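Colleague: I have this model open on my screen and would love a guided look at one part of it. Could you take me through a pocket and what surrounds it?

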Amino acid sequence: MRRIRLFIKRCIDIMISGLCIIMISPVWLVIFVLMKVTMPGALFFKQERVGKNFKPFTILKFRTMRTDEDAEKNFKFEKDMERITPLGKVLRRTKLDETPQLINILKGEMSIVGPRPTVPQRTQEFREGQEIRLRMAPGLTGISQVSGNVLLSWERRIYYDCKYVEEFCLWLDLKIIIKTIGVVLGGEERYISEYDLKHHRNPFYDATHVSGSR
């Protein structure tokens, strides 16, 4: 039964990603022009991530920060707020910086809904049982993304990713997609629970900051 649900999920991914790429291409063109004018350099932020069954792939995002090789190589997230550009803030707030991942989805490297894409170094830090999050393709959105995202600690995000894999069903995907619309319109800080804000807050981000993940 789960195999059938996964097949249906993949068919939905192909249809939605293909249609969205066609629909959003004019917006991408505007972003290309604005980035060239205000943010000289590469258009895309590319980084190796670990996908389903530990298979590596290159994730695509629109660049939202000034280039800092040291910060990017050593994952110095505490420097994110000082590196983000004005255009980058807009792209993150609207989640448009994530939309190039539709290409990853069409290629089968990602899914519309799934666990957060993981950098290789993080997989070496998994505790027993946490590797379950790599049994499914990483998602453009997911439970952790609609439960606080970067406002959450790393451990809490892993918890939500594992929870998704364990509880996966198409109805859950639909609920996450609907909630994602609310996050885009209202901001991530509106969707973090009081419990998570008190006990599982990311020390590098304040709830008053609205910023997407890199």
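Which element gives the largest share of the lining of the second largest pocket?

Modeller: Happy to help, and please keep in mind that this is a predicted model. The element you are after is α1, which supplies four residues, the largest share of the lining of the second largest pocket.

Let's start with the pocket itself. Its volume comes to about 330 Å³, and 16 residues line it. Nearest the centre of this pocket you will find R10, K52, G108, M110 and A137. By character, the lining residues split into seven charged, six nonpolar and three polar. Besides α1, β2 is an element that gives two or more residues to the lining.

β2 is worth following a little further. Five of its seven residues are buried, so by the under 20% cut-off for relative accessible area this strand is mostly covered. Its partner is β1, residues 44-50, and the two strands run antiparallel, paired over seven bridges. One of the pairs to look for is F44 with F62, the latter being its bridge partner in β2. Together β1 and β2 make a hairpin with five residues between them. In that turn, N53 has a positive phi of about 60°.

Now back to α1, where K9 sits. K9 counts as buried because its relative accessibility is 6%, and buried means under 20%. Leaving aside residues up to four places away in sequence, K9 touches S111, V113, M136, Y164, F168, L170 and D173.

Two of those names lead on to the largest nonpolar core. Y164, a contact of K9, is one of the three residues that touch the most other members of this core, along with W28 and I176. The core holds 36 residues. Elements that each supply at least two of them include α1 (2-38), β2 (56-62), α7 (154-167) and α8 (170-186). The largest share here, six residues, comes from α7. As a general point, nonpolar side chains tend to be buried together in soluble globular proteins.

The other name is V113, which K9 touches and I176 touches as well. Outside the residues up to four places away in sequence, I176 also contacts T141, G142, I143, V146 and Y164. Both V113 and Y164 are therefore contacts of K9 and of I176, with contact meaning heavy atoms within 4.5 Å.

To retrace the route on your screen, α1 gives four residues to the pocket lining, holds K9 and supplies at least two residues of the core.

Notes
Residues are numbered from 1 along each chain as its sequence is written. This is a predicted model: local features need pLDDT of at least 70, side-chain atom pairs count only at pLDDT 80 or more; totals for chains, interfaces and linings use all residues. Side-chain values use heavy atoms; hydrogens and water are left out. A nonpolar core is a set of buried Ala, Val, Leu, Ile, Met, Phe, Trp, Tyr and Cys residues joined through side-chain atoms within 4.5 Å. Buried means under 20% relative accessible area, exposed over 50%, partly exposed in between (1.4 Å probe, protein chains only). On a 1 Å grid over the protein atoms alone, a cavity is a set of points where a 1.4 Å probe fits but cannot get out, and a pocket is an open set with protein on both sides within 12 Å along at least five of seven lines; lining residues have an atom within 4 Å of a point. Grid points are joined across faces, edges and corners, and a volume is the space filled by probe spheres set on the points. Ala, Val, Leu, Ile, Met, Phe, Trp, Tyr, Cys and Pro count as nonpolar, Asp, Glu, Lys and Arg as charged, and the others, Gly among them, as polar. Two strands pair if DSSP finds at least two bridges between them.
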